[in-house]
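Here's a quick walk through a two-chain model, starting with one chain on its own and then moving to where the chains meet. Have the structure open while you read.

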Amino acid sequence: MTIARVEMVADTAVGADRPDDRALDHEFAAGAEGSLERLYRSVSPLVHTLALRALGDATEAEDVTQQTFVSAWRTREGYDPDRGSARGWVVGIARRRIADALEARTRERRRLEAVRDESPPAIADPLAAETERILVRGEVERLGPPRDQIVSLAFFEGRTHEQIAERLQMPLGTVKSHLRRSLLALRRGLEAADASL
Amino acid sequence: MRHCDDETLAALALGEPVDAADATHVESCDTCARELSALRATAASLVDAGTSGPLVAPPTSVWAGIAAEVASEAEPRPAPVVPLTAARGARRRREPGHMFRPWVVGAAAAAGVVIGAFGISLLTRDTVPEQTLVAQAALSDLASEADAGTARVEQRSDGTEVLVVDTTVPSDPDGALEVWLIDPDVVGMVSLGFLTGDHGEFEIPAGYDVVSFPIVDISVEPADGDPTHSGDSITRGILES
């Protein structure tokens with residue numbers, strides 16, 4: 001009993017595991033009004049950044065983002081909230097759209113090269129590593145305040161726990177507790193993100 | 001000894017000091033060592049993500065484009081349901097042109113999935129979860145206006161809301177009895193499932209609540225494959241908190 005109570009207190013202090021996301025998953029599956037917009041607010045920066053880095057073209061990235069969400073809405077009956085988050089599902093659609101756009105581009109380039117009789121350049125794949133980094137960024141953003149900021153300061157900006165505590169006017173123990181719980185949540189989140197692709 | 005708890009493993013992965021007993025345990029326990037290694041990998045991927053720039057939100061024109069595309073395929077159509085005063089004798093099937101908007105059908109289909117899952121969980125559950133009464137309604141037979149039982153909305157301990165219907169079902173209905181929640185304008189509605197006896201329990205899908213959908217409606221649905229409301233309501237009641 002004592003252990004359970006201590007964990008409950010910690011949960012209240014540090015924030016439970018994104019119950020809003022679960023509600024949104026079910027609302028989106030049911031086609032509830034406003035659910036697409038809320039999903040868009042939540043995951044469009046991740047989708048747009050993935051498209052932008054992969055395609056390197058602002059117009060194409062915006063087009064892929066738009067088509068991803070339209071497609072998600074039209075095919076939502078194929079989405080099952082019991083099998084994963086709507087976020088993960090949308091990112092999966094986005095990655096297929098991006099792959100399609102790259103594929104179309106490769107075909108076009110090969111066609112031109114055949115005409116010019118040039119050999120194709122070696123295709124490097126720095127994209128996979130960058131995609132992974134963007135997905136991690138997306139998971140951090142999803143933690144929500146104050147955990148997203150604490151994790152950004154600790155890992156992206158290399159601040160010490162003491163510096164973070166001072167900057168956010170937060171007890172040092174609370175900062176450490178947020179970081180531990182964020183790490184656990186991110187591990188689960190990244191596993192789920194990988195599983196849904 | 002017991003395995004290390006998650007918090008302890010996270011502390012180790014972050015390079016924080018932990019109890020000596022935990023530190024010793026993790027060195028000799030494969031399970032805990034594997035967990036620790038996975039958490040360290042997560043920490044390393046966070047450091048790596050720092051080399052990439054922050055996420056870039058799309059310009060507002062993108063949402064406008066999505067909203068326009070989605071709106072163009074969901075044009076409102078006339079209200080398909082008979083008014084509250086409709087009597088059972090007034091049997092009329094809607095014309096095919098008066099189909100529901102697609103999202104209502106989608107919502108009904110999704111609700112079916114949820115109810116299916118809930119039915120299984122009811123069968124496998126050992127103890128009855130705690131419940132709170134959210135709203136209730138007295139049901140009336142629409143033909144005779146006689147008392148036809150009750151409907152209650154209960155909130156389970158896990159937050160889901162369930163519609164519990166107790167009514168006397170006709171001994172020989174002309175089809176299956178379907179339970180709906182309908183909004184006050186009798187325009188929007190959601191199917192909760194089929195009533196197969198005098199007592200039925202139906203999970204209310206997330207996004208629907210008794211304030212927005214206060215009318216409980218039981219309709220007779222012929223087996224014609226049409227997922228929309230037949231217009232043949234036999235019992236109704238209004239939920240009050």
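## Chain A on its own

Chain A has nine helices and zero strands. Going along the sequence, that reads α-α-α-α-α-α-α-α-α. Bear in mind that this is a predicted model.

Of the 197 residues in chain A, 47% are buried. Looking at contacts in chain A with a separation of 6 or more, 67% come from residues 24 or more positions apart. As for the surface, chain A exposes about 10500 Å², with carbon and sulfur atoms supplying 51% of that.

## Where the chains meet

How much area do chain B and chain A bury between them? It comes to about 4200 Å², and 65% of that sits on carbon and sulfur atoms. In chain B, the residues that lose the most area to chain A are B:Leu46, B:Leu55 and B:Trp63, together 18% of what that side buries. Residue-wise, the contact draws 49 from chain A and 43 from chain B.

## Polar links and the chain B side

There are six salt bridges between chain B and chain A. One of them pairs the side chains of A:Arg181 and B:Glu7, at 2.6 Å from N to O. Polar contacts between the two chains add up to 18 residue pairs, counting those with both residues at pLDDT 80 or more.

Which elements of chain B give two or more residues to the side touching chain A? They are helix 1 (6–13), helix 3 (30–49), helix 4 (60–71) and helix 5 (102–124). Helix 3 of chain B gives the most, with ten residues. Sorted by class, this side of chain B has 26 nonpolar, ten polar and seven charged residues.

How values were computed: Residues numbered from 1 in each chain as written. Chains lettered and ligands numbered in written order. Predicted model: local features only at pLDDT ≥ 70, side-chain atom pairs only at ≥ 80, totals over all residues. Heavy atoms only, no water. Contact = heavy atoms within 4.5 Å. Buried area = accessible area lost by both parts, 1.4 Å probe. Salt bridge = Lys/Arg side-chain N within 4 Å of Asp/Glu carboxyl O. Polar contact = N/O pair within 3.5 Å; in protein donor to acceptor, adjacent residues only side chain to side chain. Helix = DSSP H or I, 4+ residues; strand = E, 2+ residues; numbered from the N terminus. Nonpolar A, V, L, I, M, F, W, Y, C, P; charged D, E, K, R; others polar. Buried < 20%, exposed > 50% of the residue type's maximum accessible area, 1.4 Å probe, protein only. Areas by Shrake-Rupley, 256 points an atom, 1.4 Å probe, with all protein chains shown as cover.
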